[in-house]
Amino acid sequence: MKIHNFCAGPSILPNEVFSQASDAVKEINNSGLSLLEISHRSHDFVDIMDEARDLSIELLGLSRKDYTPLFLQGGASMQFLMTAYNFLKNEAAFLNTGTWSKKAIKEAKIFGKVDVLGSSEDENFNHIPKISIDKEYDYFHCTSNNTIFGTQIHNFPKSNVPVFCDMSSDIFSRVINFQDFDLIYAGAQKNLGPAGATLVVIRNELLERINDNVPSMLNYKVHSEKSSMFNTPPVFSVYVSLLNMRWIRNSGGISKLEEKNRKKAEILYSEIDINPLFKGHAKAEDRSIMNATFNLTDNNFKNTFESMLEKANIKALSGHRSVGGYRASMYNAMDIHSVKVLVEVMSELESKI
Ligand SMILES: Cc1ncc(COP(=O)(O)O)c(C=O)c1O
């Protein structure tokens, strides 16, 4: 029975990744041992870590000469404080586009001055504010895709200061000029792999600016010097992320997946726009191609719609409590077919008016 899982995260991964991952839990590289019981210092795992780090950089079109990839722990939430601990000396600039930006701002304030250059909070984060960065800052921080509110930055502001970006929910889903960023981070559990690892890609020049008084576990330079093996890494999450990145490469890379992602988003947003029973939350020009947020225009249809969703095996479509309504997360591994099934249900609902 095909389930259409629209979960915002942890989210779907390709079936072949699930099946290769379960094989490795039983036995890795004909060793007679499970991936989960070998030393992280063994050749088998060191090769996995090296390939995962190299492939992350390759997929982003970056070079190891300029950037260092790290697989760390603590989720994207740990990056909210690590970025500030390592780099906030005087003042940092932020764009407040939702729950995750707010959390990053809160943590940064512990370490220094924060200048919020724009916020869409007064309109429940339904758009991306237009800003310019005119002053000197230690860095500018933004969230590329707002998982909860369904908005996405399509034009990043021009900046002469280092740009840090939380790409947790749209990494590897579209081509952007990754060279414009100085630090990118993403919790694994969307387009990368299972929860547990966080990918950080940091410009090498920045590593030289880190003070020795940052504790080792929170210090990017230490993790870089130890090749992302300062302590025991989250071996399962790193391995499955590697399998998924191989799948991305074999699918034609990010640009091919972007075409598919744009098609899925277009199919769903067209229905939201023509169907009088639905209304999108995000302003059209800032809509996310990963997470579409929408509400019913007439709540009398709620029970009918939800029982139709259940009958069609559509799962995890509920919106986050701060927006309500529905959220369809259409990450890389989601087939166009699943989006078409959702749209059929929405249009069938309209026929009941
Ligand atoms: C954009 C974004 N940033 C940060 C987070 C928090 O990630 P974590 O749970 O890995 O700390 C999430 C989680 O959904 C997210 O979507």
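## Ligand shell, sheet and helices

Helix H3 (residues 75-87) gives the most to the shell around the ligand, contributing three residues. Keep in mind that this is a predicted model. The full set around the ligand reads Gly9, Gly75, Ala76, Ser77, Trp100, Thr143, Thr147, Asp166, Ser168, Ser169 and Gly187. Sorted by class, that shell comes out as two nonpolar, eight polar and one charged residues.

Now for the sheet. It's an open one with seven strands, in the order E2-E10-E9-E8-E5-E3-E4, and the pairing is mixed. Strands E2 (67-72) and E4 (113-119) sit at the edges with a single partner strand each, so one side of each has no neighbour in the sheet. Going from one strand to the next, the twist averages 15 degrees.

Here's how some of the strand pairs line up:

| Strand pair | Sense | Bridges |
|---|---|---|
| E3 and E4 | parallel | six bridges |
| E3 and E5 | parallel | two bridges |
| E5 and E8 | parallel | four bridges |

A few residue pairings help to find your way around. Glu91 stands opposite Lys113 in E4. Phe140 of E5 has Ala93 standing opposite, and its bridge partner in E8 is Val163. As for the side chains of E5, Phe140 and Cys142 point one way, while His141 and Thr143 point the other way, and all are buried. Thr143 also turns up among the residues around the ligand.

Two helices lie across the sheet strands. Helix H2 (residues 43-59) lies across E2 and strand E10 (198-203), and runs at about 125 degrees to E2. Helix H4 (residues 99-108) covers E3, E4, strand E5 (140-143) and strand E8 (163-166), running at about 160 degrees to E3. One of the ligand-shell residues, Trp100, falls inside the 99-108 range of H4.

How do helices H8 and H10 cross? The axes of H8 (residues 253-274) and H10 (residues 336-350) come within 10 Å and cross at roughly 0 degrees. That's under the 35-degree cut-off, so H8 counts as roughly parallel to H10. On the H8 side, the contact is made by Lys260, Lys263, Lys264, Ile267, Leu268 and Glu271. H10 brings Ile336, Val339, Lys340, Leu342, Val343, Met346 and Ser347. Taken by class, the residues of this contact split into seven nonpolar, one polar and five charged.

Key: Residues are numbered from 1 along each chain as its sequence is written. This is a predicted model: local features need pLDDT of at least 70, side-chain atom pairs count only at pLDDT 80 or more; totals for chains, interfaces and linings use all residues. Two strands pair if DSSP finds at least two bridges between them. Axes are lines fitted to C-alpha atoms, for helices over the stretch in contact, and angles run from 0 to 180 degrees between N-to-C directions. Two residues are in contact if their C-beta atoms, placed from the backbone, lie within 7 Å. A residue is near a molecule or strand if its C-beta atom, placed from the backbone, lies within 6 Å of it. Ala, Val, Leu, Ile, Met, Phe, Trp, Tyr, Cys and Pro count as nonpolar, Asp, Glu, Lys and Arg as charged, and the others, Gly among them, as polar. Angles under 35 degrees count as roughly parallel, over 145 as roughly antiparallel, 65 to 115 as roughly perpendicular and the rest as oblique. A residue is buried if 20 or more other C-beta atoms lie within 10 Å of its own, exposed if 12 or fewer, and partly exposed in between; C-beta atoms are placed from the backbone.
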